[in-house]
Each structure stands twice: as structure tokens, then as C-alpha cells.
Amino acid sequence: QIGREFGATTGRPRRCGWLDMVALKYSVMMNGVTSLIMMKADVLNDFDRLKVAVAYRVNGERTTEFPFETAGEIVPEYREFEGWKCDISSMRSYDEFPRQLKEYIEFIEQETGVPVKIISVGPDREETIVR
């Protein structure tokens, strides 16, 4: 509801989940991504804790590699981050961000090896921060 994640045509709710770092790193590598854009950071304002999937358990074995095929169960393994618990929609620079959001962004950059260049803190054009 907070992120207004509904299909434009059908109105069906979209499935939303925590950031999957294993899949993101694979996508960055396969597509030659040189920078990232973080949309809807403001949707995370009210969470006490955030989770990021940093590995999978595939058939009981831990891996940080994206599985190409498996008939077995894949269970994500999460790392938790402290939430920022404040409204970031009025912030207009990275320097204004709470420490917890900066740590989250810096973790993404460290893990993927590419910078997060644009961060949206709300739906309006003025709520887009370019670093």
C-alpha cells in the first residue's frame, strides 16, 4: 500500500520483498551495470529493521552464487539493517540522509561494486537526488 505497488492495467497487488543482493550482483555482472538507481527509498521510512538477502540455502547448502537451475528449495539468508524511522521525503541531498540510510546505500555499493547515483525519496521530480 505504502509504495502503491499495483498493476497499472489489472490493479492487482505486486509482490514486494526485501532486496535480493545475490540476484542484484548477478544482474550487475551480466549487464555491465556501471551505476544504480534506488527508487522509493521513502517506502522504507517506517521499518524498524530492513533485510537484504545475502546468500541462499539451496537444498540445505549455503551459496552466494545465483543458482542457474534447481529443483530443490531455495531459502534466502538475510542480513539485517537498522531502519531510519523518519520521513526522508523533504531531504534534497545525500548529506541530509540519516546514518542508517547511508549505511544501507553504502552496503549496496560495496557489495555490487558500483555506485548508487540516483536516489528517489518520493514520487515527485523534486524528490530525486542525483549524487
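# A tour from helix α1 to strand β6

Select helix α1, residues 21–31, and colour M21, V22 and V28: these residues are buried. They lie on the same side of α1, because they cover an arc of only 130° around the axis. The model on screen is a predicted one.

Now turn to the other side of α1, where M30 and N31 are exposed.

What covers the buried residues of α1? Show β1, β2 (36–38), β3 (49–58) and α2 (99–112), which are among the elements that do so.

Next, look at the two ends of the helix. At the start of α1, display D20 and V22: a side-chain oxygen of D20 comes to within 3.2 Å of the backbone nitrogen of V22. Past the other end, select G32, which follows α1 and has a positive phi, near 65°.

Step back along the chain to W18, in the segment before β1 (19–20). Is W18 buried or partly exposed? With a relative accessible area of 30%, W18 is partly exposed. Add F47 and Y78 to the selection: together with W18 they make a nonpolar surface patch of about 260 Å².

For the last stop, go to strand β6, residues 116–120, and select S120. S120 counts as buried because its relative accessibility is 2%, and the cut-off for buried is under 20%. Which residues is S120 in contact with, leaving aside its neighbours within four places in sequence? Show M38, M39, K40, A41 and D42, then E127 and T128; S120 is in contact with each of these.

Methods
Residues numbered from 1 in each chain as written. Predicted model: local features only at pLDDT ≥ 70, side-chain atom pairs only at ≥ 80, totals over all residues. Heavy atoms only, no water. Patch = residues over 30% accessible without salt bridge, like charges linked within 9 Å, V, L, I, M, F, W, Y side chains within 5 Å. Areas by Shrake-Rupley, 256 points an atom, 1.4 Å probe, with all protein chains shown as cover. Salt bridge = Lys/Arg side-chain N within 4 Å of Asp/Glu carboxyl O. Helix = DSSP H or I, 4+ residues; strand = E, 2+ residues; numbered from the N terminus. Buried < 20%, exposed > 50% of the residue type's maximum accessible area, 1.4 Å probe, protein only. Arc of directions from axis to C-beta. Contact = heavy atoms within 4.5 Å. Polar contact = N/O pair within 3.5 Å; in protein donor to acceptor, adjacent residues only side chain to side chain.
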